[in-house]
Amino acid sequence: MANVTLRSVRKTYPGGFEAIKGVDVDVGDGQFCVLVGPSGCGKSTLLRMVAGLETVTGGEIDIGGRIVNQVEPADRDIAMVFQNYALYPHMSVYNNMAYGLRNRGMAEAEIKSRVEEAARVLELSPMLERKPRQLSGGQRQRVAMGRAIVRQPKVFLFDEPLSNLDAKLRIAMRVEIRKLQRRLNTTSIYVTHDQLEAMTLADILVVMNGGQVEQVGNPLAIYEKPATTFVASFIGAPPMNLMSTRPEEIKSQLGGSASDVGILGIRPEDFVITDQTPAGGVALPLTVEAIERVGAETFVYGSREQEEQRVAATPGELPPGEIIVRIPGTEAPAIGAKIRVAAVRAKLHLFSGDGRTRIEA
Amino acid sequence: MVEEEGFRRYVAHIILWIGIAIVAFPVYIAIVASTQDNALIANGQMSLLPGGHFLQTYYQTIFVGTSGSTREPVGNMMLNSLVMALLIAVGKIAISIISAYAIVYFRFPFRMPIFWIIFITLMLPVEVRIYPTYKIVADLHMLDSYAGLSLPLIASATATLLFRQFFMTVPDELLEASRIDGAGPFRFFWDTLLPLSRTNMAALFVILFILGWNQYLWPLLITTRDDMQTIQIGIRKMITTTDALTEWPIVMATAVLAMLPPVFVVVVMQKLFVRGLVETEK
Amino acid sequence: MQKQAIFQSKLLPYALVAPQLAIVLIFFYWPALQAVIQSFLLQDAFGLSTSFVWFDNYLELLKDRAYFEAIVRTFFFSFAIAVSSLSFALLLAVMADKPLRGSMLYRTLLIWPYAVAPPVVGVLWIFMLHPSLGVLSRYLRALGIDWNPMLDGDQAAALIILAAAWKQISYNFLFFLAGLQSIPRSVLEAAAIDGARPMRRFWTVTFPLLSPTIFFLLVVNIVYAFFDTFGIIDTMTRGGPGTSTVTLVYKVYSDGLLGGNLGSSAAQSVILMIMVIVLTGIQFRFVERKVTY
């Protein structure tokens with residue numbers, strides 16, 4: 001049982017590259033914290049610093065009230081689940097789980113009862129004598145989990161543990177991990193690049209970009225009030241539509257609430273197709289360019305008639321001027337059709353011109 | 001800590017430098033000895049620092065040879081070694097690549113028996129069949145010839161296996177595509193397979209060149225004429241005479257010259273060398 | 001495994017395999033067959049008549065004390081060379097596997113002896129340890145060791161083992177390094193988190209995961225010690241003093257060349273062939289096992 005506190009943690013590599021540029025996060029006892037961000041944002045490095053696999057070049061890492069900057073990984077009382085599972089290929093499932101306990105000089109009887117209990121929980125009991133290569137991907141993943149839980153550590157660390165599984169198994173394991181964590185009530189830090197995984201697992205969500213924290217908080221709160229355009233487009237799929245706006249446009253449509261607004265964001269699901277303009281809201285005339293019908297919903301890709309630049313917040317974004325609209329699966333406008341979509345005032349997100357500040361109108 | 005700390009790193013550096021010193025010491029001694037006066041060495045008075053006879057010794061070694069019994073310039077021996085090494089390397093690659101091509105890209109009667117006939121030669125190094133092979137080479141009047149030096153060493157299975165393995169990894173679509181483009185077996189081989197095999201061929205060449213240059217037992221048997229000697233044989237003959245007559249600076253200069261080409265190849269083409277070594281042992 | 005996409009041609013494939021097949025048949029199979037046949041024949045002293053003697057040549061060999069000694073000696077040399085060279089190379093590889101500054105330079109400086117030919121290795125070492133003029137012999141004598149490998153058979157054997165092991169360091173180093181680098185870093189990190197200190201980590205994780213490489217190198221080193229030491233022995237000791245450094249291959253060579261006893265030499269060749277086949281067989285079986293990790 002422990003909380004984990006990071007105080008202005010920094011990592012600068014000998015070459016001068018700054019991977020982590022001062023991160024402050026506080027994870028309470030028993031909480032599930034998810035670090036999410038695009039690849040290269042520093043989330044794995046940060047996790048490995050908590051584990052003790054990377055040296056800390058600035059700031060403090062505090063686990064359960066003890067500064068662990070100089071403490072060996074073995075002595076931090078943590079357990080880690082790796083992306084590629086990192087099982088010992090030459091050891092049986094039983095020995096994979098027992099190894100960490102034996103290294104700590106635990107009695108063989110106690111080891112046996114712990115491993116068997118973990119195997120029962122993870123449904124690995126029939127496979128204890130197998131070698132990792134004789135297991136499926138999902139089973140290996142569970143062995144990696146088992147290796148972590150038999151240790152009964154203060155903190156679990158997960159480094160993208162589900163990214164090597166296929167989509168179906170990923171969802172199942174996601175639920176399993178969450179249930180297990182609730183039951184054991186162990187403080188956990190979990191790294192992923194998948195925003196859906198992050199949203200569903202987290203008590204506290206930490207959105208990272210470029211070695212910095214963009215926003216920390218409850219996942220739904222972050223979804224509802226993203227602090228920056230980066231967070232706005234990273235959390236939620238498909239991403240939020242972001243449009244740069246001219247001051248006079250804002251004034252005319254929003255009644256001149258905030259003159260320093262540069263970017264307007266609207267989530268695809270917050271649009272409706274309508275001829276009316278809600279009071280204080282925004283209406284856009286669109287030409288339908290493509291349609292994706294996935295059954296429960298339909299995505300409409302339209303271009304704005306006015307030439308507008310969208311703000312590039314994350315790589316792999318839509319081309320400028322394109323707007324995504326999500327409507328119920330029963331509807332589908334024709335390609336080439338001119339439609340008009342609108343969003344109410346409460347669903348508008350306003351950001352400063354550089355996208356770094358959210359403006360509450 | 002998995003990231004190594006200062007102290008452990010220093011230990012690692014020190015151990016590695018000790019290793020390098022052990023590995024390099026004999027060669028250092030050879031280089032030093034090749035620059036010193038023979039009389040000093042013969043008295044057991046050799047200095048551990050280079051002497052002043054560098055140019056003189058190497059000139060005599062390369063262009064004149066020892067003043068004793070064999071008097072064959074080492075330059076000529078190096079030429080023989082070079083020709084033999086190149087013949088072995090190029091010959092082996094050439095015949096192996098075409099036979100591997102036949103085995104992988106054609107179906108014909110006796111395909112597998114032929115593959116096995118080639119494969120089993122892996123188990124017959126020249127050392128276990130020296131005299132009968134010697135007799136055949138003699139019967140074919142190939143003693144003291146480059147053909148006799150290289151042919152028996154050319155046809156082993158390693159290169160064939162390597163190319164076969166590589167060809168198997170070439171996607172079928174490439175052949176289908178070039179067939180649709182109207183290419184026959186020759187075109188496909190020349191325009192597609194050979195360019196793809198370039199790195200493999202280069203890696204193999206590096207290894208085969210070194211192995212060829214370093215051949216010893218076989219050249220020892222089949223060269224009787226001094227002017228057909230390879231450098232490895234020459235160096236042995238130089239220390240045949242009674243100790244007192246051995247001209248050590250020249251012997252050591254010859255040793256240095258014998259090491260130079262293959263070591264140069266290893267150092268300069270390190271990537272290809274490592275690749276070739278790992279691939280041929282698979 | 002077979003290719004699906006192939007060419008159709010009746011004669012071309014035969015033309016393509018012909019050169020290799022011809023060389024293989026002429027220079028590999030025919031001599032090997034000759035060796036087998038000759039091993040059953042006995043030639044009189046003048047080479048005038050030969051008679052078929054069944055297994056006499058083999059029986060002679062088995063009764064021959066010198067041959068038995070050569071077998072024991074060859075295995076002893078192989079074992080000593082393999083163990084000394086492998087352990088030193090492993091130590092260096094473990095050090096070079098660490099994330100050190102200049103690790104590429106270290107690799108370059110450690111692998112080049114692979115390219116030094118066995119006879120040159122012999123010349124280098126006999127020069128350093130020559131009884132009268134060797135630079136190292138002075139120190140040995142200063143230590144009170146009566147160093148003379150020209151007269152003392154044990155010292156000669158030690159000299160051969162030393163030189164042969166020296167040459168093999170770079171090869172073993174390279175393969176150990178590759179083996180170490182193929183161990184996923186995360187497995188070692190997991191072991192560190194699991195509380196294993198560096199030494200324990202090495203013996204419980206690194207070493208077992210390296211065992212395929214170790215086994216492979218063991219076989220390669222034994223084959224090396226069987227055959228490639230010929231050049232070292234021939235330049236250093238010529239099998240002497242007495243027969244104290246005569247290995248199986250050296251005996252095939254010297255019995256055929258000097259003794260002119262071709263029947264016995266052929267029988268020895270056949271026995272060697274069988275040994276190589278067994279060793280290669282072991283190696284192939286192991287290659288199948290290697291895939292499993």
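The following questions and answers walk through a predicted model, beginning with its confidence scores and ending with details of its backbone.

Trainee: Which element of chain A has the lowest mean pLDDT?

Mentor: Since this is a predicted model, it helps to begin with chain A as a whole, which averages a pLDDT of 86, with 90% of the residues scoring at least 70. Among the elements of chain A, strand β3 (residues 32-36) has the highest mean, 95, while the lowest, 56, belongs to helix α9 (residues 247-254) of chain A.

Trainee: Over which residues of chain A does pLDDT stay under 50?

Mentor: Where pLDDT is low, the predicted coordinates should not be read in detail. The stretch you ask about has 29 contacts in the model beyond four places in sequence, and its pLDDT stays under 50 over residues 308-318 of chain A.

Trainee: How many residues does domain 2 of chain A bring to its contact with domain 1 of chain A?

Mentor: The domain assignment of chain A gives domain 1 as 4-229 and domain 2 as 239-359, and 38 Å separate their centres, taken over C-alpha atoms. On the side of domain 1 that touches domain 2, the residues divide by class into 3 nonpolar, 2 polar and 1 charged. Domain 1 of chain A gives 6 residues to this contact, and the number from domain 2 of chain A is 11.

Trainee: Which helix gives the most to the side of chain B that touches chain C?

Mentor: The contact takes 80 residues from chain B and 79 residues from chain C, and the side belonging to chain B has 61 nonpolar, 11 polar and 8 charged residues. With 13 residues, the helix that gives the most to that side of chain B is α1 (residues 6-33) of chain B.

Trainee: Are α6(B) and α1(C) parallel or oblique to each other?

Mentor: The axes of helix α6 (residues 130-139) of chain B and helix α1 (residues 12-38) of chain C come within 8 Å and cross at roughly 120°, and the crossing is right-handed. In this contact, B:Pro132, B:Thr133 and B:Ile136 meet residues of α1(C), including C:Phe27 and C:Trp30, and the residues of the contact divide into 7 nonpolar, 3 polar and no charged. An angle of roughly 120° lies outside the range of 65 to 115 that counts as roughly perpendicular and is not over 145, so α6(B) and α1(C) are oblique.

Trainee: How is α13(B) oriented relative to α14(B)?

Mentor: The axes of helix α13 (residues 231-238) and helix α14 (residues 248-268) of chain B come within 10 Å and cross at roughly 165°. Because angles over 145 degrees count as roughly antiparallel, α13(B) is, relative to α14(B), roughly antiparallel.

Trainee: What is the handedness of the crossing in which α13(B) passes α14(B)?

Mentor: Among the residues of α13(B) that meet α14(B) are B:Ile231 and B:Met238, and the partners in α14(B) include B:Ile250 and B:Ala258. By class, this contact has 8 nonpolar, 3 polar and no charged residues. The crossing in which α13(B) passes α14(B) is left-handed.

Trainee: What is the omega of the cis peptide bond that joins A:Ala237 and A:Pro238?

Mentor: A:Pro238 lies in the loop between α8 (229-234) and β11 (241-244) of chain A. The cis bond joins A:Pro238 to A:Ala237, and its omega is about -5°.

Trainee: What is the phi of A:Glu160?

Mentor: A:Glu160 lies in the loop between β7 (155-159) and α5 (167-184) of chain A. Its phi is a positive value in a residue other than glycine, near 45°.

Technical notes: Residues numbered from 1 in each chain as written. Chains lettered and ligands numbered in written order. Predicted model: local features only at pLDDT ≥ 70, side-chain atom pairs only at ≥ 80, totals over all residues. Domains from an automatic or database assignment. Contact = placed C-beta atoms within 7 Å. Nonpolar A, V, L, I, M, F, W, Y, C, P; charged D, E, K, R; others polar. Axes fitted to C-alpha atoms, helices over the stretch in contact; angles between N-to-C directions. Helix = DSSP H or I, 4+ residues; strand = E, 2+ residues; numbered from the N terminus. Parallel < 35°, antiparallel > 145°, perpendicular 65-115°, else oblique. Left-handed = near helix turned anticlockwise from the far one by under 90°. pLDDT = per-residue confidence, 0-100.
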